[in-house]
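Here is a short note to help you find your way around a structure that is new to you. Please keep the 3D view open as you read, and take the points one at a time.

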Amino acid sequence: MNIESFHTVLIKHLDLMQNKDIIPFLQTISEQEDISVIMPNGRLISGYKDVAEFNKDWFADIDWSLSYQIIKEECTDEMGYAVVEIEYKDVDQNGNPYNKIYYLTLIFKKNNEKWLLVHDQNTFT
C-alpha cells in the first residue's frame, strides 16, 4: 500500500486551496462530523456538510488569491499539524483591493492510512 506522507498531503491540501480545486480539496478533509473550521472572526463551522458548503462557496469567488509559506509542521504516527503563513488578496464590497497576512493552523488525523484534515484555525495578525 502506498501511504502518502503527512508533508505530501499538507502540500496537496494547500495547493488545492490555492488553485480553488474543490473536488480533490474535499477529498483531503475528514467526512466525519468532528471536522471544524474557526474563521478569523471567531465563527465556528463544524461538520463535513457545513465545512464543504463553506469551501464550495469560497472557492467559487473569483476575486481572491493566496500564497503560503509553511512555518512549522510536525507529525506523529496518527496526527499531524502545520502552522502556515498566508498572504491573502481580495477585494472588498466596494471593489477595493486589500491584502491580509494571517496564520493558518491545520490539524490532520490519519484515518485508515489516509491523512485527512480535522481542524482548520484562521488567525489574522
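**Notes on a predicted model**

1. Let's start with the largest pocket: its lining draws at least two residues from each of α1, α3, β4, β5 and β6. Please keep in mind throughout that this is a predicted model. The largest share of that lining, four residues, is supplied by β5. The volume of the largest pocket is about 350 Å³. In total 21 residues line it, and Met39, Phe54, Trp58, Tyr88 and Tyr102 are the closest to its centre.

2. Next, the sheet. It is an open one, built from six strands in the order β2-β1-β6-β5-β4-β3, with mixed pairing. Why do β2 and β3 each have one side without a neighbour in the sheet? Both β2 (44-46) and β3 (65-75) stand at the edges with a single partner strand, so nothing in the sheet flanks the other side of either. From one strand to the next, the twist averages 20 degrees.

3. Two helices pack on this sheet. For α1, the strands touched are β3, β4, β5 and β6, and the direction of α1 makes about 165 degrees with that of β3. For α3, the strands touched are β1, β2, β3 and β4, and here the angle, taken with the direction of β2, is about 115 degrees.

4. Now follow the strand pairs one by one. The parallel pair β1 (residues 36-38) and β6 is joined by three bridges; within it, isoleucine 38 has glutamine 121 of β6 as its bridge partner. The pair β3 and β4 runs antiparallel and is joined by ten bridges, and these two strands form a hairpin with three residues between them. β4 and β5 also run antiparallel, with 13 bridges joining them. In their hairpin, five residues lie between the strands, and glycine 95 takes a positive phi near 85 degrees.

5. Glutamate 87 is a handy landmark for seeing how β4 is paired. Serine 67 stands opposite this glutamate of β4, while in β5 the bridge partner of glutamate 87 is isoleucine 101.

6. While you are looking at β4, try colouring its side chains by face. Which of them are buried? Gly80, Ala82, Val84, Ile86, Tyr88 and Asp90 point to one face and are buried. Met79, Tyr81, Val83, Glu85, Glu87, Lys89 and Val91 point to the other face and are not buried.

7. The largest nonpolar core deserves a careful look. It has 30 residues, and Met17, Phe25, Leu104 and Phe108 have the most contacts inside it. Two or more residues come from each of α1 (6-18), α2 (22-26), α3 (48-60), β4 (79-91), β5 (97-111) and β6 (114-124). The largest share, six residues, belongs to α1.

8. Two of those core residues make good viewpoints. Methionine 17 lies in helix α1. Is methionine 17 buried or exposed? Its relative accessibility is 4%, and buried means under 20%, so methionine 17 counts as buried. Leaving out residues up to four places away in sequence, methionine 17 touches Phe25, Trp58, Phe59, Trp64, Leu66 and Leu104. One of these, leucine 66, is 49 residues away in sequence, yet the two C-alpha atoms are 8.6 Å apart. Under the same sequence limit, phenylalanine 108 has a list of contacts that includes Phe6, Val9, Leu10 and His13, along with Trp115, Leu116, Leu117 and Val118.

9. For another kind of site, turn to lysine 100 in strand β5. With a relative accessible area of 34%, lysine 100 is partly exposed. Beyond residues up to four places away in sequence, lysine 100 touches Ile86, Glu87, Tyr88 and Phe124. Lysine 100 and threonine 76 are 24 residues apart in sequence, and their C-alpha atoms are 31 Å apart in space.

10. Finally, please check the enclosed space. There is one cavity of 30 Å³ or more, and the volume of the largest cavity is about 40 Å³. Phe25, Ile29, Ile35, Val37, Val51, Asn55, Leu117 and Asp120 line this cavity. The elements giving two or more residues to its lining are α3 and β6.

How values were computed. Residues are numbered from 1 along each chain as its sequence is written. This is a predicted model: local features need pLDDT of at least 70, side-chain atom pairs count only at pLDDT 80 or more; totals for chains, interfaces and linings use all residues. Side-chain values use heavy atoms; hydrogens and water are left out. A nonpolar core is a set of buried Ala, Val, Leu, Ile, Met, Phe, Trp, Tyr and Cys residues joined through side-chain atoms within 4.5 Å. Buried means under 20% relative accessible area, exposed over 50%, partly exposed in between (1.4 Å probe, protein chains only). Contact means heavy atoms within 4.5 Å. Two strands pair if DSSP finds at least two bridges between them. Axes are lines fitted to C-alpha atoms, for helices over the stretch in contact, and angles run from 0 to 180 degrees between N-to-C directions. On a 1 Å grid over the protein atoms alone, a cavity is a set of points where a 1.4 Å probe fits but cannot get out, and a pocket is an open set with protein on both sides within 12 Å along at least five of seven lines; lining residues have an atom within 4 Å of a point. Grid points are joined across faces, edges and corners, and a volume is the space filled by probe spheres set on the points.
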